[in-house]
Amino acid sequence: MKAIVAVSGNLGIGKDNDLLYNIPEDKKSFRRMTLGKVVVMGRKTLESMPNGKPLKDRTNIVLSRDKDYTAEGVVVCNDIAELEKAVENYSTDDVFVIGGAEIYKLLLPLCDTAYVTEIDDEKPADKFFPDIASDSRWKLAEKSEEFDYEGVKYKFCTYEAK
Ligand SMILES: NC(=O)c1ccc[n+]([C@@H]2O[C@H](COP(=O)([O-])OP(=O)(O)OC[C@H]3O[C@@H](n4cnc5c(N)ncnc54)[C@H](OP(=O)(O)O)[C@@H]3O)[C@@H](O)[C@H]2O)c1
């Protein structure tokens with residue numbers, strides 16, 4: 001599995017069940033990388049999407065502990081074992097963990113790669129991503145040049161699990 005995330009300078013990823021930033025090139029990159037693939041998210045992240053709808057042209061898997069939870073167009077898994085079964089026929093390269101904070105924390109140990117858009121800016125946040133840059137399990141494998149969107153600088157980084 002691969003994780004994909006956009007992280008601010010203070011490791012923030014969200015506030016009030018919404019994203020902190022809306023950077024068009026980051027959205028495009030996310031779309032390009034996940035299109036036709038499997039995306040795995042927490043129930044709260046699904047509900048944070050426009051109209052609570054799953055992502056188009058992707059297999060959407062949603063984690064919820066609620067055994068009665070259903071949502072249109074998604075596969076619901078109640079725990080990691082169910083998730084592993086749901087993705088067993090997919091290549092590990094085709095399964096993307098897309099958040100939020102609880103689900104990154106839960107599934108990062110099962111990921112071999114993390115695609116992290118590092119945003120050189122800080123905003124108040126109530127959800128955070130683990131500090132993988134300082135975690136000896138992870139090494140920075142690639143870093144793009146720095147881009148700028150309306151004065152906010154960001155770069156695309158790839159971390160690989162050692
Ligand atoms: N910056 C980014 O790249 C990015 C990406 C995605 C999301 N976000 C942000 O992250 C925030 C949402 O994150 P969050 O941490 O609040 O919620 P979340 O991780 O999206 O979802 C949490 C939910 O996942 C389910 N869950 C958690 N652990 C589970 C387990 N072991 N087994 C089964 N289900 C489990 C539970 O659902 P039930 O309560 O139904 O049991 C839990 O309430 C939002 O602000 C969103 O905008 C940011």
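Me: Taking helices (H or I, at least four residues) and strands (E, at least two) as DSSP runs numbered from the N terminus, which elements each supply at least two residues of the shell around the ligand?
Reply: Happy to start there! This is a predicted model, where local features need pLDDT of at least 70, side-chain atom pairs count only at pLDDT 80 or more, and totals for chains, interfaces and linings use all residues. Residues are numbered from 1 along each chain as its sequence is written. The elements are strand 1 (2-7), strand 2 (12-15), strand 3 (18-19), strand 4 (38-42), helix 2 (43-48) and helix 4 (101-107).

Me: Which residues come nearest to the ligand?
Reply: A residue is near a molecule if its C-beta atom, placed from the backbone, lies within 6 Å of it. There are 28 residues around the ligand, and those that come nearest are Gly14, Gly42, Thr45, Gly99 and Gly100.

Me: Which strand gives the largest share of the largest nonpolar core?
Reply: Such a core joins buried Ala, Val, Leu, Ile, Met, Phe, Trp, Tyr and Cys residues through C-beta atoms within 7 Å, buried meaning 20 or more other C-beta atoms within 10 Å (exposed is 12 or fewer, partly exposed in between, with C-beta atoms placed from the backbone). This core has 36 residues, with Phe96 and Val97 among those with the most contacts inside it. Its largest share, five residues, comes from strand 1.

Me: Is Lys143 buried, exposed or partly exposed?
Reply: Lys143 sits in strand 10 (residues 138-143). Because 13 other C-beta atoms lie within 10 Å, Lys143 is partly exposed.
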